[in-house]
Amino acid sequence: MSRLPYLRREELSPEGQQLWDGLVSGRGEQLIGDHGGLVGPFNAFVSAADTGKYLSSLGARVRFGTSIERRLSEIAIITVGARWQAEFEWWAHATMAREHGVADVAVDAIGRGEDPGFTAADERAVYEVAYQLSHTGRLGRDAYDAAHQFLGDAGLVELVSLCGYYTLISFLLNAFDVPLPPGAEPVWDGNGDGTE
């Protein structure tokens, strides 16, 4: 059970209802859980609609409005999600990574916290950026140079922004203990409070 109460559309302010409508129209009715509220990070978005509208806009921009190929974006997203062990993020994006051409063996390795063994230089470069940023908050020169070769200045800004956004999403999911959908199995053991 999420720490935030699930808000139904009719319980929201007009601004919250507008945000709800935008989220559901862009992602579909599967965004509404059996409890009548939004699943994933989206219940948090409508719980603070003034902030949530900007989070939604930023999320759409960094996922779909950049120069980064979707396969590479998904590598960055699952790397960040695995770092923070954000179960819902992993559940949603590991599948998307596979659908966009990331090898099963690489996805599984990232989930286990192991090096995915990417041989494609663009995949390796994006993984290294996401891994270093999410583990140290910094980016080494070699990783920067390798990613810059494929992405250029604007693409690197987009990639760093994507990593930051999904760190924020991981924090929302973990802080509010957002559950997986019914029937989905967690990847990591632990109770979410930093202890096992």
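In this predicted model, helix 5 gives the most to the lining of the largest pocket, contributing seven residues. The pocket itself has a volume of about 680 Å³, and of the 29 residues that line it, Leu31, Val39, Phe42, Phe88 and Trp91 are the closest to its centre. Helix 3 (49-64), helix 5 (87-99) and helix 8 are the elements that give two or more residues to this lining. By chemical character, the lining residues of the largest pocket divide into 18 nonpolar, seven polar and four charged.

Helix 5 also leads to the next part of the structure, for it is among the elements that cover the buried residues of helix 6, together with helix 4 and helix 7. The residues of helix 6 that are buried are Ala106, Val107, Ala109, Ile110 and Gly111. Just after helix 6 comes Gly113, which takes a positive phi of about 80°.

Helix 7, which spans residues 121-136, has 16 residues and reaches 22 Å from its first C-alpha to its last, close to the 22 Å expected at 1.5 Å a residue. Its buried residues are Asp122, Glu123, Ala125, Val126, Tyr127, Val129, Ala130, Gln132 and Ser134, a list that holds acidic side chains as named here, Asp122 and Glu123, beside residues such as Val126 and Val129. The cover over the buried residues of helix 7 includes helix 4 (70-84), helix 6 (104-112) and helix 8 (141-175). Helix 7, too, is followed by a glycine, Gly137, whose phi is positive, near 75°.

One of the buried residues of helix 7, Tyr127, brings in the aromatic side chains. A pair of aromatic rings is described by the distance of the centres and the angle of the planes. The count for this model comes to seven aromatic pairs, including that of Phe118 and Tyr127, which is edge-to-face, at 6.0 Å centre to centre and 65° between the planes. Phe118 counts as buried because its relative accessible area of 10% is under the 20% cut-off, and Tyr127, with a relative accessible area of 4%, is therefore buried as well. These two residues form one aromatic cluster with Tyr131.

A further pair is made by Tyr165 and Tyr166, whose ring centres are 5.0 Å apart and whose planes stand at 85°, so that the pair is edge-to-face. Tyr165 counts as buried at 6% relative accessibility, and Tyr166 likewise counts as buried at 5%.

Note on methods: Residues are numbered from 1 along each chain as its sequence is written. This is a predicted model: local features need pLDDT of at least 70, side-chain atom pairs count only at pLDDT 80 or more; totals for chains, interfaces and linings use all residues. Side-chain values use heavy atoms; hydrogens and water are left out. Helices (H or I, at least four residues) and strands (E, at least two) are DSSP runs, numbered from the N terminus. The expected span of a helix is 1.5 Å times one less than its number of residues. Buried means under 20% relative accessible area, exposed over 50%, partly exposed in between (1.4 Å probe, protein chains only). Contact means heavy atoms within 4.5 Å. On a 1 Å grid over the protein atoms alone, a cavity is a set of points where a 1.4 Å probe fits but cannot get out, and a pocket is an open set with protein on both sides within 12 Å along at least five of seven lines; lining residues have an atom within 4 Å of a point. Grid points are joined across faces, edges and corners, and a volume is the space filled by probe spheres set on the points. Ala, Val, Leu, Ile, Met, Phe, Trp, Tyr, Cys and Pro count as nonpolar, Asp, Glu, Lys and Arg as charged, and the others, Gly among them, as polar. Rings of Phe, Tyr and Trp (its six-membered ring) pair if their centres lie within 6.5 Å; planes under 30 degrees apart count as stacked, over 60 as edge-to-face and the rest as tilted.
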